[in-house]
Amino acid sequence: MDVVSDAISAVRIGQPSSQRVRVGGDWCTRLAPYDGAGFHVVLEGRCLLLPDGGGPVELGAGDAVLLPHGTGHVLAAAASGATVDPARAVPFERWMDGTAGRRFPHLSTAPATEDRTATATTEDTTADDGTAVEMLCGKYRLDRRHAHPLLAELPPLVRLPARGEGADPGLRSAIELLGREVGERLPGSGVALPSLLDLLLVYMIRSWATTASTTADGRGAGTWPAALGDPVTAAALRAVHADPAAPWTIALLAAEAGVSRPTLARRFTALVGRPPMAYLTWWRLTRGAALLRDGREPLAAVARRVGYSTPYAFSHAFRREFGTTPGQYRAGPGAATA
């Protein structure tokens, strides 16, 4: 796989969840901090988002926002000249199940992994007065114990506009597909929706990396967008992630990148933060940790898949890197999947 795909697969557990929400009038709801990544896609209308510790962000139809570190935030109506008052925000769970005292007109669907009929909860119907907003709100479950540094570099909030400068046509197409699939609940949506939500996460991270690499002002040296944008470093990373079990040497990686060993070592270390062979070792063990968490392959098979000839060699390196044995890691709290 490639770096972005591997960075996601190394931490993702279970399937993403999502709910479709339609609301109008004056409303305000709060989503608590989450040990994962949250996202919102505005399918119709506009709203305001206020992240903890940040200023309000206006979202319009087609816009997507990713909160990769699970930052708590408030969503509210985007009336002309409106400001967000977090003190009046209703917890999202109470808002959705109608137990918040004031029942905002809204429409919610079952989780994306299920295929249930949408249910309406209303005091009065949502007026078609131009204030209605329809959103897809969801979460990705992540095991951050050994997260790839690419994900650690993501800012608390990534806003991805539907149009204008920085808009990604691929992301826009994914959002359109997702909106249609959720809205129509077609046969097979139980399979299609989780796959589209995974695709959405890939597009959001890819769009951020592309934008960050093209707008760097020189102070971003050493960041992952810069590493992925550097042809030498990117070539070595592609080789390592395509086949981590291969018997890589600095000479072989330099040949893949088409440069000398000193050139590769210098550029790779400056951008990634560790030398090529140190990164290879770290990634092999991180990939091994994900295999231990997600499957039940024998230790010997896991060791071979990440480039270790014996379970003993893998176990010794794993304990040195992570401070625990593969067996203890597999039995730990991150081992369970949904």
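Counting Ala, Val, Leu, Ile, Met, Phe, Trp, Tyr, Cys and Pro as nonpolar, Asp, Glu, Lys and Arg as charged, and everything else, Gly among them, as polar, the lining of the second largest pocket splits into seven nonpolar, three polar and three charged residues. The model is a predicted one, and the pockets, the cavities and one helix are taken in turn below.

That second largest pocket holds about 200 Å³ of space. Of the 13 residues lining the second largest pocket, Asp2, Val4, Arg206, Ala209 and Leu228 sit closest to its centre. Four helices each put at least two residues into this lining: H1 (3-9), H5 (189-214), H6 (224-229) and H7 (231-242). The biggest giver is H5, with four residues.

The largest pocket comes to about 280 Å³. Its lining runs to 20 residues, and those nearest the centre are Gln19, Leu31, Phe92, Gly138 and Lys139. Here strands join in: S1 (17-23), S3 (36-44) and S11 (133-141), together with helix H2 (92-97), each supply at least two lining residues. S3 gives the most to the lining of the largest pocket, namely four residues. By class, the lining of the largest pocket is made up of nine nonpolar, nine polar and two charged residues.

Turning to enclosed space, the model has two cavities of 30 Å³ or more. The largest cavity takes up about 90 Å³. Around the largest cavity are Ile8, Val11, Ala37, Leu66, Pro68, His69, Leu142, Arg144, Leu151, Leu154, Leu201 and Ile205. Ten of these lining residues are nonpolar, one is polar and one is charged. With Arg counted as charged and His falling among the polar residues, the charged member of this lining is Arg144 and the polar one is His69.

The second largest cavity has a volume of about 50 Å³. Its walls are formed by Ala10, Val11, Asp143, Arg145, His146, Thr286, Ala289, Ala290, Arg293 and Tyr329. Val11 turns up in the lining of both cavities. For the second largest cavity, the largest share of the lining is four residues from helix H10 (residues 276-294). The class split for the second largest cavity is five nonpolar, two polar and three charged residues.

H10 also comes up in the packing of helix H12 (residues 311-322), which has twelve residues. At 1.5 Å a residue, H12 should span 16 Å, and its end C-alpha atoms are indeed 16 Å apart, so the expected span and the model agree. Buried in H12 are Phe314, Ala317, Phe318 and Phe322. Looking down the axis of H12, these buried residues fall within an arc of 110 degrees, and they therefore line one face of the helix. Tyr312 and Arg320, on the other side of H12, are exposed. What do the buried residues of H12 pack against? Their partners are H10, helix H11 (299-305) and helix H13 (326-330). Just after H12 comes Gly323, with a positive phi of about 75 degrees.

Conventions:
Residues are numbered from 1 along each chain as its sequence is written. This is a predicted model: local features need pLDDT of at least 70, side-chain atom pairs count only at pLDDT 80 or more; totals for chains, interfaces and linings use all residues. Side-chain values use heavy atoms; hydrogens and water are left out. On a 1 Å grid over the protein atoms alone, a cavity is a set of points where a 1.4 Å probe fits but cannot get out, and a pocket is an open set with protein on both sides within 12 Å along at least five of seven lines; lining residues have an atom within 4 Å of a point. Grid points are joined across faces, edges and corners, and a volume is the space filled by probe spheres set on the points. The expected span of a helix is 1.5 Å times one less than its number of residues. Buried means under 20% relative accessible area, exposed over 50%, partly exposed in between (1.4 Å probe, protein chains only). The arc is that of the directions from the helix axis to the C-beta atoms. Contact means heavy atoms within 4.5 Å.
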